[in-house]
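Trainee: Could we go through this one together? I'd like to see how each label is earned.

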Amino acid sequence: MRILGPVEVVGDDGPVSLPAKHRCLLAALLVAEGRSCGPDELVDALWGSNPPASARKLVQVYVSQLRRSLPAPVRIVTKQGSYALDVAPELVDAARFERLLNESASARRTGNHALALSLAEQGSRLWAGRAFGDLGYEGFLQPEVERLEELRLAALEERIEAQLALGRHAEALGEILALAAENPLRERLHGQAMVALYRCGRQSDALEAFTALRRRLDHELGLEPAPELRDLQRRILQQDPALDVGERPPEGFGGLPQPPNRLVGRERELEALAALLASRDARLIVLTGAGGSGKTRLALEAAHRAAATYANGATFVELAPVDDPALLVPTIAQALDVDQGGRQPLEALSEVLATRELLLVLDNVEQLRDAAPAFVQLLSRAPRLTLLVTSRAVLHLTGEHVFPVSPLDDASALELFEQRARSLRPSFRLTSENESTLRQICARVDGLPLAIELAAARVRTLAPDALLQRLGERLGLLTGGLRDAPARQQTLRETLDWSFDLLTEDQRRFLARLSVFPAGATLDAVVAVCLADGDDAAALDLLEGLLDASMAVTHEHGGSMRYGLLETVRQYAADRLHQLDAEATARRHALWALELAETAEAELSGDRQTHWFATLDAEHDNLRAALAYLDARSEKELELRLAVALSRFWYVRGHLGEGRHHLERALAKAGDQPPPLLRRALTAAGAICLLQGDYAAAIAFSEAALDAAREGGEPRFVANALSNLGAIVLAAGDHGRAAEVLEEAVSLAREVGDTRIAALAINNLGDLALTTGDYTRAGPLFEESHALLEARGDTANLARSLFNRGAVELMLGDDAAAGLHFREGLALARDTDDKEDLAWCLEGLASLAAREGDGERASTLLGVAGALLAHMGADFKPFERRLHEATEAEATALCGPTVHAAARDRGASLTLPAAVGLALDGDVPSV
């Protein structure tokens, strides 16, 4: 509620819009200060001596409307037909101003002039213009306006008094003289002007100011100056030494240490901390983060920037050497040079700080958490004290504002590395040749400032490439910190040891087990792998403990929380796991991964495939770790099952090389695995080799899969194997064999009644017709296949089907229908992130753009499609290659080789969402 300026109500969402009559009504209720106002009083306030006939009814309407507009907890109370405003005084700026003014005067009387100045300045900053703004001229408000304006002047005088007491007369002189001129009869202001003039060496001006004031008082009021002012004139005439500013004891407690180096990055965090400190709403701010994340350095920089806004400055207390909670308060008292005089340390410290406005930085509190409740007691007894605390662990105290300190962003991490490296090797420079390597180094150490500095220290003996190669053993390499740094920061391992030792035994075991998840994990995964009893509640308690200790991190993904470790912490925890139950935990992790992958596989062609692809994306590194474990332990069947379950994910997401590697490795040692499993693995390997353009390997895998299918005796699997083999030999250029195999596949699929296999086989037969130029046959085949897929809800293959239908229409000259199907297929492929189908649909749209004469657009779309295929390691199939080559030739002819090449490169550099969005919705930007 604001009245020190225009009347305004500000809620959580900003100012509340109020019409003029509502603001006037609010002003009347505010002036009453909780007293009930009758309708007649409010009518007089709203209309004066000329109210309308319906005034009393209008008052009821306005009160009702205003009541609805006021945000909680402010409310209008009705009592026997009268109205009162129920609002806490601290919510009204005028009440806060009066409190600050009184506290400023009190601080001046006790000799704490720095605090008096700060409080007076805080009060003056609440003013935004004349009291009540445009309503201030209303008759019913005049007494209150005059009272508040008088207090405003009194606050200015209190501020000036404090400035003079602190020896700041020279900087204040101009303002004092201006205020004295505006208030020619205000004796206190003129006395302050005389003191300031005298201290600035202008004795005659000070005496002339007294003479002019005495003449005005006599002429206008018939009065003499007050005795205090006459005494001041006498002392100026006598040049009384007491008028000079004497030596004053320091108002603060020792100040802050000055860091030797400039802080790199952190501007966003510093802005947020500055806002918190300026508001004074958060008085216990706890910076939390992993060891080496830069909490102390950030706290110091924030304190340096904010110190001038605290009357008694800022000071720093290092608590890392203290490991006995009983010594927390005594250590702070000793650092502030508090004379305990036989009293309890908290009592003595509270008494000294009760009258101070101080920012107290307490560094490294995590090992003293048992004594941290003393902070709450201290803050309750020292109302203008703010504590800025660094701790690896959350304190869980009343009023605690947790401020997480994250690792540095990429740019800041790189800048810090260069700064530290150059301080040790002046010739070191960041160059275009080493930038990529240095970025990888910073990423390997998680952007932790301490780890970056330790890594940068190695540039004296290791080139960046060699340093990156050795960071696989980062904890052993990251040693050699500054000798004046605390012992726990001499190496990264010692920093982590410090944090690890603060955990409970259960938390240490849990942290070690959590290290088996290189990609983090959901709560369900954590429970399945890290806890033998599957207790969700226990897992949450342990996770919260690790999060509080800054040993774990969390983020939201797909609507659920994921828990994980920074890589440096994970490696450290993995070392600890080897001392516990590494083998058992790794096996539980592999079995969990297998169950997840096989559950997902069944969903990757249905309505929920988007969710499951995203799930596998998030777990990709965990799945890789499981495959590595199963390979190392020669778990042949489990490894093959996991590779098969992931094969469609690898195919659709474009991880072709990775998928082929795992499938070939698992098949090479499969031995006498069950034929159905072997068939599925061989089929998946053949599909990947086909997309890579390795037709010989694809045919070999597919023929082996067909043999396994025939051995199994299941006709539908034989039909599926025939369909796959037909597609591969078609791509290899053997049209005759392709026709024979595919006809058999379609016939067998129809015979066994498997619509999905029939749809795929018919599609492949249509692809044969498309490749050989028999478009009139290809069209009906693709339409039949598409209808079967739609009836099954098989979204996994619909995008390819739409491209095929569009390709036939393109060849037959029906560009409108082709464009419709290409765009529909592109949108579907975008939703499932199927990169192969995205590429083919983009190729189709590029061909249409060329036909329309837009060579630049066609070239750009070709660049996008080419980049997709290159990223996957995929090759063109026969028809798609012919289409691509024809489109490229036409686009080059339309816009010329130079523009074509530039547009193609521009397309290759676009992000996929931007490229697809432009292809669907707008023009591709020109180069």
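What follows is a chat about the labels used for some helices, strands and residues of this predicted model.

Trainee: Let's start with a helix pair. Why are α36 and α37 called roughly antiparallel?

Mentor: Look at the angle. Helix α36 (residues 775-792) and helix α37 (residues 795-811) pack at about 155 degrees. Anything over 145 counts as roughly antiparallel, and therefore α36 and α37 get that label. Their axes are 9 Å apart, and the crossing is left-handed.

Trainee: Which residues of α36 and α37 meet?

Mentor: On the α36 side you have Y775, A778, G779, F782, E783, H786, L789 and E790. They meet N797, L798, S801, L802, N804, R805, V808 and M811 in α37. Sorted by class, that contact has eight nonpolar, five polar and three charged residues.

Trainee: And what makes α31 and α33 roughly parallel?

Mentor: Go by the angle again. Helix α31 (residues 675-692) packs with helix α33 (residues 715-731) at about 20 degrees. The cut-off for roughly parallel is under 35 degrees, so α31 and α33 qualify. The axes of this pair lie 10 Å apart, and α31 passes α33 in a left-handed crossing.

Trainee: What does the contact between α31 and α33 consist of?

Mentor: R679, T683, G686 and L690 come from α31, and they meet F717, N724, A727, I728 and A731 of α33. By class, the contact of α31 with α33 holds five nonpolar, three polar and one charged residues.

Trainee: On to strands. Why are β10 and β11 said to stand at the edges?

Mentor: Check the order of the sheet first. Three strands form an open sheet, β10-β12-β11, with antiparallel pairing. β10 (521-522) and β11 (553-557) each have a single partner strand, so one side of each is left without a neighbour in the sheet.

Trainee: How do you know that β11 and β12 count as paired?

Mentor: Count bridges. Two strands pair when there are at least two bridges between them. β11 and strand β12 (residues 560-564) have five, in the antiparallel sense. You can pick out positions too: H557 has S560 of β12 as its bridge partner, and H555 stands opposite R562 in β12.

Trainee: What happens at the turn of the β11 and β12 hairpin?

Mentor: Two residues sit between the strands, and G558 takes a positive phi near 60 degrees.

Trainee: There's a glycine in β12 as well. Why does G564 count as buried?

Mentor: The limit for buried is under 20% relative accessible area. G564, in strand β12, comes in at 8%, so the label fits. Leaving aside neighbours within four places in sequence, G564 is in contact with G520, A552 and V553. The C-alpha atoms of G564 and G520 are separated by 3.9 Å, although these residues are 44 apart along the chain.

Trainee: A charged residue next. How do you know that E157 is buried?

Mentor: Use that cut-off of under 20%. E157 has a relative accessible area of 3%, so buried is the right word. E157 lies in helix α6 (residues 142-165). Not counting residues up to four places away in sequence, E157 touches R186, R188, L189 and Q192.

Trainee: What makes strand β8 largely enclosed by the rest of the structure?

Mentor: Seven of the seven residues of β8 (residues 385-391) are buried, and so the strand earns that description. Both faces are covered: L385, L387, V389 and S391 are buried on one side, and T386, L388 and T390 on the other.

Trainee: Which strands pair with β8 in the parallel sense?

Mentor: Two to point at are β5 and β7. Strand β5 (residues 284-288) runs parallel to β8, joined by five bridges, one of them between T288 and S391. Strand β7 (residues 358-363) also pairs with β8 in the parallel sense over five bridges, and there V361 has L388 as its bridge partner.

Trainee: Last one. Why is helix α23 called largely enclosed?

Mentor: Six of the eight residues of α23 (residues 523-530) are buried, so the helix is largely enclosed by the rest of the structure. Those buried residues are L523, A525, V526, V527, V529 and C530. They pack against α22 (505-514), β10, α24 (536-548), β12 and α26 (582-601).

Methods: Residues are numbered from 1 along each chain as its sequence is written. This is a predicted model: local features need pLDDT of at least 70, side-chain atom pairs count only at pLDDT 80 or more; totals for chains, interfaces and linings use all residues. Side-chain values use heavy atoms; hydrogens and water are left out. Axes are lines fitted to C-alpha atoms, for helices over the stretch in contact, and angles run from 0 to 180 degrees between N-to-C directions. Helices (H or I, at least four residues) and strands (E, at least two) are DSSP runs, numbered from the N terminus. Angles under 35 degrees count as roughly parallel, over 145 as roughly antiparallel, 65 to 115 as roughly perpendicular and the rest as oblique. A crossing is left-handed if the near helix is turned anticlockwise from the far one by less than a right angle, and right-handed if clockwise. Contact means heavy atoms within 4.5 Å. Ala, Val, Leu, Ile, Met, Phe, Trp, Tyr, Cys and Pro count as nonpolar, Asp, Glu, Lys and Arg as charged, and the others, Gly among them, as polar. Buried means under 20% relative accessible area, exposed over 50%, partly exposed in between (1.4 Å probe, protein chains only).
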